[in-house]
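Colleague: Before I use this model, I would like to go through the terms in its description and hear what each one rests on.

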Amino acid sequence: MIKKTDTSAASPAGNQGKRGKATKPTKPAKRKSSAVATDLTREADSAVLERLYSVVQSRKGGDPSLSHSARLLSRGTYKIAQKFGEEAVECLIEAVAGRNDHLVGESADVLYHLIVLWVDAGITPEEVWAELRRREGTSGIAEKASRPRPPQSEKENA
Ligand SMILES: N=c1c2ncn([C@@H]3O[C@H](COP(=O)(O)OP(=O)(O)OP(=O)(O)O)[C@@H](O)[C@H]3O)c2ncn1[C@@H]1O[C@H](COP(=O)(O)O)[C@@H](O)[C@H]1O
């Protein structure tokens, strides 16, 4: 669906896929030391999502006729969750079909709707980044193997 142009929130996430052509990526900052570089890279990766989060948060309680985020947030958790689910399904359809050009746009839609979900729930991006940082360096295989094993009888009934 074509949407009105938003001039108050120049979010690159809004310039992809269904919503238009991708913008040219900006050059990464020069590295000074490996520690600084790691921080800069982290900031650069999450900045676009944090900007989008701030914009969506600022739309809460706004005019639903002027802002899609305000409209979605006014419709409540059930609708927000439903929209997120729909976008996730559209994303997986493109992945399975191997249409990577469409997958980029659908991925942006999923991230936008996930952020609306966070705003509605009162979760901040920093909480999610912290959880991702906590997991860094732990293989999913090792993490699964470390989980307490249920007793055999429980496993059979599952
Ligand atoms: N990233 C997005 C973004 N991605 C998708 N969408 C909108 O999501 C809508 C999805 O359309 P659908 O028909 O699937 O959903 P719907 O209109 O809720 O329809 P129903 O399910 O109710 O029938 C479209 O209007 C898209 O434009 C987005 N709307 C906004 N943003 C970002 O959010 C910022 C603030 O937007 P506003 O809140 O609209 O000011 C923008 O600057 C963008 O950066």
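Colleague: What share of the 158 residues of the protein count as buried?

Modeller: The figure is 13%. This is a predicted model, and a residue enters that share if 20 or more other C-beta atoms lie within 10 Å of its own.

Colleague: What is the make-up of the protein in helices and strands?

Modeller: The protein has seven helices and zero strands. Read from the N terminus, the order is α-α-α-α-α-α-α.

Colleague: How much of the contact set with a separation of 6 or more comes from residues 24 or more positions apart?

Modeller: Such pairs make up 59% of those contacts.

Colleague: What are the confidence scores of the model?

Modeller: The average pLDDT of the protein is 79, and 68% of the residues score at least 70. For residues 1-17 pLDDT stays under 50, although the model gives this stretch 29 contacts beyond four places in sequence. Residues 20-32 are also below 50, with nine contacts beyond near neighbours in sequence. Where pLDDT is low, the predicted coordinates should not be read in detail. The model as a whole scores ipTM 0.92 and pTM 0.75.

Colleague: Why is Ala81 called partly exposed?

Modeller: Ala81 sits in helix 3, which spans residues 77-97. Ala81 has 15 other C-beta atoms within 10 Å. Buried would take 20 or more and exposed 12 or fewer, so Ala81 falls in between and is partly exposed.

Colleague: What makes Ala95 partly exposed?

Modeller: Ala95 also belongs to helix 3. Its count is 14 C-beta neighbours inside 10 Å; with the limits at 12 and 20, the class is therefore partly exposed.

Colleague: And why does Gln57 count as partly exposed?

Modeller: Gln57 is in helix 1, residues 34-59. Around Gln57 there are 16 other C-beta atoms within 10 Å, so the residue misses the buried cut-off of 20 and is partly exposed.

Colleague: How far apart in space are Gln57 and Val116?

Modeller: From C-alpha to C-alpha, Gln57 and Val116 are 8.0 Å apart, with their positions 59 residues apart in sequence. Val116 and Ala81 are 35 residues apart in sequence and 9.1 Å apart in space. For Ala95 and Glu50 the sequence separation is 45 residues and the distance in space 26 Å.

Colleague: Why is helix 3 described as roughly antiparallel to helix 4?

Modeller: Helix 4 covers residues 100-121, and the two helices pack at about 160 degrees with axes 9 Å apart. An angle over 145 degrees counts as roughly antiparallel, so helix 3 is roughly antiparallel to helix 4. The crossing of helix 3 past helix 4 is left-handed.

Colleague: Which residues make that contact?

Modeller: On helix 3 they include Ile80, Ala81, Phe84, Ala88, Cys91 and Ala95, and on helix 4 they include Leu103, Val110, Leu114, Val116 and Leu117. Charged residues take part too, among them Lys83 and Glu87 of helix 3 and Asp109 of helix 4. By class, the contact has eleven nonpolar, four polar and seven charged residues.

Colleague: How do you know that helix 5 is hardly covered?

Modeller: Helix 5 runs over residues 125-135, and of its eleven residues the number that are buried is zero. Put against the cut-off, none of the eleven has 20 or more other C-beta atoms within 10 Å.

Colleague: What backbone feature comes just after helix 5?

Modeller: Gly137 takes a positive phi there, about 85 degrees.

Definitions and conventions
Residues are numbered from 1 along each chain as its sequence is written. This is a predicted model: local features need pLDDT of at least 70, side-chain atom pairs count only at pLDDT 80 or more; totals for chains, interfaces and linings use all residues. Helices (H or I, at least four residues) and strands (E, at least two) are DSSP runs, numbered from the N terminus. Two residues are in contact if their C-beta atoms, placed from the backbone, lie within 7 Å. pLDDT is the predictor's confidence in each residue, from 0 to 100. Axes are lines fitted to C-alpha atoms, for helices over the stretch in contact, and angles run from 0 to 180 degrees between N-to-C directions. Angles under 35 degrees count as roughly parallel, over 145 as roughly antiparallel, 65 to 115 as roughly perpendicular and the rest as oblique. A crossing is left-handed if the near helix is turned anticlockwise from the far one by less than a right angle, and right-handed if clockwise.
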